[in-house]
Amino acid sequence: MDHAVLIAFGLTLFAGLSTGIGSAIAFFSKRTNTSMLSLSLGLSAGVMIYISFVELYATSLANMADIYGKSMGHLYALLSFFGGILLIMVIDLLVPERDNPHEIVEVEMMNQPHKPTPLSTSALARTGLISAVVIAIHNFPEGMVTFLTALEEPALGLPIAIAIAIHNIPEGISVSVPIYYATGNRAKAFWISFSSGLAEPLGALFGYLLLRPYLTPSLFGVLNAMIAGIMVYISLDELLPAAEKYGKHHLAIIGVIAGMLIMALTLVIL
């Protein structure tokens with residue numbers, strides 16, 4: 001692998017393994033810092049939305065227009081954008097709501113008294129398997145988003161990786177807390193949650209091996225628009241509703257604006 005591929009893969013690994021940060025927060029915090037989570041999720045959404053429209057979709061429009069002409073190029077970019085939204089929407093709909101790792105879970109559950117039942121082992125296996133499958137379904141496209149963006153435009157790779165990492169922290173909490181609550185075993189709950197983040201770099205690797213022979217300017221134009229659609233959907237369907245559920249509406253909006261401003265200044269400096 002060349003240097004650019006290694007950097008893109010490293011950023012994707014960082015984003016995926018941030019689920020472990022969520023697990024650590026669940027195990028070592030006494031209460032959920034709803035203000036910080038609400039602000040962070042809003043900031044992540046702001047970064048994703050701004051990058052999607054100002055950089056990725058705009059780049060796709062320009063590239064496709066150069067290749068296919070203005071009218072057809074814009075049509076292909078438009079279809080790719082909404083194709084990305086449709087793809088992540090279908091993936092999300094395939095996951096039962098009760099098993100969705102983006103459902104809000106607070107760390108206070110960790111401190112509630114409970115007794116592991118004699119079925120703890122089977123409960124762990126069942127919960128762990130469901131969690132692993134669900135995380136893989138959600139994180140595969142996210143891993144491809146981070147990796148492919150960082151591969152084509154390294155300057156955008158870091159902020160996207162950070163945004164995805166912030167988005168994965170509550171996911172780590174929502175996976176580790178129920179497993180711990182069912183089994184009483186902190187170590188197993190932590191490692192299952194931490195390991196589930198590996199689905200993201202696996203998604204990156206899968207995407208790279210699958211698409212590597214076809215990475216033409218035209219395909220990158222399609223991918224840029226699809227990635228923009230995926231990130232807009234993630235922001236509107238997961239990040240902002242999660243920020244709202246933590247009960248800090250204004251902090252979430254401040255986070256969105258701050259994320260956009262940070263991204264705008266970053267692009268100006270770069």
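In which helix does S44 lie? In this predicted model, S44 belongs to helix α3, which covers residues 34-68. Before returning to that residue, it helps to look at the fold as a whole.

The protein contains 10 helices and 0 strands, and the order of elements along the sequence reads α-α-α-α-α-α-α-α-α-α. Of the 270 residues in the protein, 49% are buried. The exposed area of the protein comes to about 12500 Å², with carbon and sulfur atoms supplying 72% of that area. Contacts across the sequence are also worth a look: among those between residues at least 6 apart in sequence, 90% join residues at least 24 apart.

Two helix pairs illustrate how the elements are arranged. Helix α1 (residues 3-17) packs with helix α8 (residues 199-211), the axes lying 7 Å apart at an angle of about 150 degrees. Because that angle falls in the range over 145 degrees, α1 counts as roughly antiparallel to α8. On the α1 side, the contact is formed by V5, F9, T12, L13, A15 and G16, and on the α8 side by E200, P201, A204, L205 and Y208. Sorted by class, the contact of α1 with α8 comprises 8 nonpolar, 2 polar and 1 charged residues.

The second pair joins helix α4 (residues 70-93) and helix α9 (residues 217-245), whose axes come within 7 Å and cross at roughly 45 degrees. This crossing angle makes α4 oblique to α9, and the crossing of the two helices is right-handed. From α4, the residues in contact are A77, S80, F81, G83, G84, I85, L87, I88, M89 and D92, while α9 brings V222, A225, M226, A228, G229, I230, V232, Y233, D237 and E238. By class, the contact of α4 with α9 holds 13 nonpolar, 4 polar and 3 charged residues.

Helix α9 also takes part in a contact with helix α3, seen through S218 and I67. S218 lies in α9, and I67 is placed in α3. The C-alpha atoms of I67 and S218 are separated by 7.2 Å, although the two residues are 151 residues apart along the chain. Neighbours within four places in sequence aside, S218 is in contact with M64, I67 and Y68, and I67, on the same reckoning, with P217 and S218. Are S218 and I67 buried or partly exposed? S218 has a relative accessibility of 18% and therefore counts as buried, the cut-off being under 20%. I67, with a relative accessible area of 39%, is partly exposed.

Helix α2 offers two further residues for inspection. T19 lies in this helix, which spans residues 19-28, and S23 has its place in α2 as well. With a relative accessibility of 1%, T19 counts as buried; S23, at 0%, is likewise counted as buried. What does T19 touch, beyond residues up to four places away in sequence? The partners of T19 are N168, E171, G172, S193, F194, S196 and G197. For S23, counted in that way, the partners are G172, I173, S176, F190, S193 and F194. G172, S193 and F194 thus appear among the contacts of T19 and also among those of S23. Distances between C-alpha atoms add to this picture: T19 and I166 are 8.9 Å apart in space and 147 residues apart in sequence, while S23 and E171 are separated by 8.6 Å and are 148 residues apart along the chain.

S176, one of the residues touched by S23, lies in helix α6, which runs over residues 154-183. At 0% relative accessibility, S176 counts as buried. The C-alpha atoms of S176 and A189 are separated by 4.9 Å, with their positions 13 residues apart along the chain taken as the sequence separation.

To come back to S44 in α3, its relative accessibility of 0% means that S44 counts as buried. Residues up to four places away in sequence being left out, S44 touches A163, I164, I166, H167 and L239. One of these partners, I166, is the residue whose C-alpha atom is 8.9 Å from that of T19.

Conventions: Residues are numbered from 1 along each chain as its sequence is written. This is a predicted model: local features need pLDDT of at least 70, side-chain atom pairs count only at pLDDT 80 or more; totals for chains, interfaces and linings use all residues. Side-chain values use heavy atoms; hydrogens and water are left out. Axes are lines fitted to C-alpha atoms, for helices over the stretch in contact, and angles run from 0 to 180 degrees between N-to-C directions. Helices (H or I, at least four residues) and strands (E, at least two) are DSSP runs, numbered from the N terminus. Angles under 35 degrees count as roughly parallel, over 145 as roughly antiparallel, 65 to 115 as roughly perpendicular and the rest as oblique. A crossing is left-handed if the near helix is turned anticlockwise from the far one by less than a right angle, and right-handed if clockwise. Contact means heavy atoms within 4.5 Å. Ala, Val, Leu, Ile, Met, Phe, Trp, Tyr, Cys and Pro count as nonpolar, Asp, Glu, Lys and Arg as charged, and the others, Gly among them, as polar. Buried means under 20% relative accessible area, exposed over 50%, partly exposed in between (1.4 Å probe, protein chains only). Accessible areas come from the Shrake-Rupley method with a 1.4 Å probe; for residues, only the protein chains shown count as cover.
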